[in-house]
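Colleague: Before we go through this structure together, I would like to ask, term by term, what each description rests on.
Modeller: Gladly; let us put it on the screen and take the sheets, the helices and the interface in turn.

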2 protein chains.
Amino acid sequence: MSTTQMLKGIIDGCILAIIHEKEIYGYELAEKLEQYGFDSFSEGTIYPLLMRMQKEELVTSTLKKSTAGPKRKYYSLTSKGEQELRQFIKRWKLLQSSVNSVLKGEENE
Amino acid sequence: MSTTQMLKGIIDGCILAIIHEKEIYGYELAEKLEQYGFDSFSEGTIYPLLMRMQKEELVTSTLKKSTAGPKRKYYSLTSKGEQELRQFIKRWKLLQSSVNSVLKGEENE
DNA sequence: CTTACTATCTTGTATTACAAGATATAGTTG
DNA sequence: CAACTATATCTTGTAATACAAGATAGTAAG
């Protein structure tokens with residue numbers, strides 16, 4: 001994944017980081033992202049994304065009973081996912097410094 | 001434009017910022033972005049993007065003779081473009097803090 | 001005239017973010 | 001029990017995006 005590709009893939013990285021903290025299911029993830037200050041991601045974004053990541057073997061899932069509602073699909077990182085997360089962090093830092101150096105002249109606005 | 005939409009539109013904001021510094025043409029812009037640490041953006045990314053921004057009236061363009069090669073199309077910001085830039089900066093700061101707070105637990109990796 | 005460099009634009013493709021809505025389970029209330 | 005509410009996942013379809021690849025064109029040098 002190149003730096004430019006990541007422009008589209010920032011959510012992916014954030015989701016990997018959140019899953020890394022502790023295993024989590026989609027619905028809970030959506031709430032958590034909102035807490036972190038993101039505009040709420042709809043399920044139409046999150047579920048396909050999680051399924052894509054599972055297909056890429058970045059995460060695995062297990063079903064567990066819910067107190068209310070259908071079974072929850074808990075996701076956790078594979079070692080490939082952990083590796084991807086570390087690479088995402090590097091790329092994010094790079095992107096951040098690139099964008100910030102572009103914006104340097106605009107700071108006081 | 002929502003926070004999530006901007007995930008895809010970070011380049012747009014960076015380009016607005018660069019054009020704001022001084023008027024610039026596409027080819028020069030591509031080189032500049034590379035200097036700033038971005039993976040080189042191909043012309044297939046930059047030219048359609050500039051044309052889109054002109055269509056949205058964020059930038060205007062004027063043709064000027066080149067020392068070598070065809071005429072250069074110099075772009076500069078409209079007041080709408082300046083406004084959009086200021087909004088981009090706000091959204092970028094927000095995104096930055098959101099992502100960084102998600103990554104807080106991962107810092108030392 | 002061919003090569004090389006500068007410069008812009010077009011076409012086509014894969015991916016992405018997302019809205020909208022379908023589906024399913026369990027608890028609550030009338 | 002029927003209706004409603006909340007929880008939870010998945011599907012479908014769409015618009016926008018990033019990009020590779022290549023077409024086009026002007027100028028200068030050999």
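**Sheets, helices and interface**

Modeller: This is a predicted model, and in chain A three strands make up an open sheet whose order is E1-E3-E2, with antiparallel pairing. Strand E1 (24-25) and strand E2 (59-64) of chain A are the edge strands, each having a single partner strand, so one side of each is left without a neighbour in the sheet.

Colleague: How do you know that E1(A) pairs with strand E3 of chain A?

Modeller: Pairing requires at least two bridges between two strands, and two bridges join E1(A) to strand E3 (residues 72-77) of chain A, with the strands running antiparallel; the requirement is therefore met. Within E3(A), Tyr75(A) is the residue opposite Ile24(A), while Tyr74(A) is the residue opposite Tyr25(A).

Colleague: And what makes E2(A) and E3(A) a pair?

Modeller: Again at least two bridges are needed, and E2(A) and E3(A) are paired over six, in the antiparallel sense, so they too count as a pair. Lys64(A), for instance, has Arg72(A) of E3(A) opposite.

Colleague: Which helix lies across E2 and E3 of chain A, and at what angle does it run to E2(A)?

Modeller: That is helix H4 (residues 43-55) of chain A, whose direction makes about 120° with E2(A).

Colleague: What makes you say that Tyr27(A) is in contact with residues beyond its neighbours in sequence, and which are they?

Modeller: Contact calls for heavy atoms within 4.5 Å, and once the neighbours within four places in sequence are set aside, Tyr27(A) is in contact with Glu43(A) and Tyr47(A). Tyr27(A) itself belongs to helix H3 (residues 26-35) of chain A, and its C-alpha is 9.3 Å from that of Lys73(A), although 46 residues separate the two in sequence.

Colleague: Turning to chain B, why are two of its strands called edge strands?

Modeller: Chain B has an open sheet of three strands in the order E1-E3-E2, with antiparallel pairing. Strand E1 (24-25) and strand E2 (59-64) of chain B each have a single partner strand, so one side of each is left without a neighbour in the sheet, and they stand at the edges.

Colleague: How do you know that E2(B) is paired with strand E3 of chain B?

Modeller: Where at least two bridges are asked for, six bridges join E2(B) to strand E3 (residues 72-77) of chain B, the two running antiparallel, and the pair therefore qualifies. Val59(B) has Leu77(B) as its bridge partner in E3(B). H2(B) packs on this sheet, where it touches E1, E2 and E3 of chain B and makes about 95° with the direction of E3(B). Helix H4 (residues 43-55) of chain B lies across E2 and E3 of chain B, at about 120° to E2(B).

Colleague: What describes the interface between chain B and chain A?

Modeller: The two chains bury about 3200 Å² between them, 68% of it on carbon and sulfur atoms, and 35 residues of chain B are in contact with 35 residues of chain A. The count of salt bridges between chain B and chain A is zero, whereas eight residue pairs, both at pLDDT 80 or more, are in polar contact. On the side of chain B that touches chain A, two or more residues each come from helix H1 (3-8), helix H2 (10-21) and helix H5 (79-103) of chain B, and H5(B) gives the largest share, 15 residues. By class, that side has 18 nonpolar, nine polar and eight charged residues.

Note on methods. Residues numbered from 1 in each chain as written. Chains lettered and ligands numbered in written order. Predicted model: local features only at pLDDT ≥ 70, side-chain atom pairs only at ≥ 80, totals over all residues. Heavy atoms only, no water. Helix = DSSP H or I, 4+ residues; strand = E, 2+ residues; numbered from the N terminus. Axes fitted to C-alpha atoms, helices over the stretch in contact; angles between N-to-C directions. Buried area = accessible area lost by both parts, 1.4 Å probe. Salt bridge = Lys/Arg side-chain N within 4 Å of Asp/Glu carboxyl O. Polar contact = N/O pair within 3.5 Å; in protein donor to acceptor, adjacent residues only side chain to side chain. Nonpolar A, V, L, I, M, F, W, Y, C, P; charged D, E, K, R; others polar.
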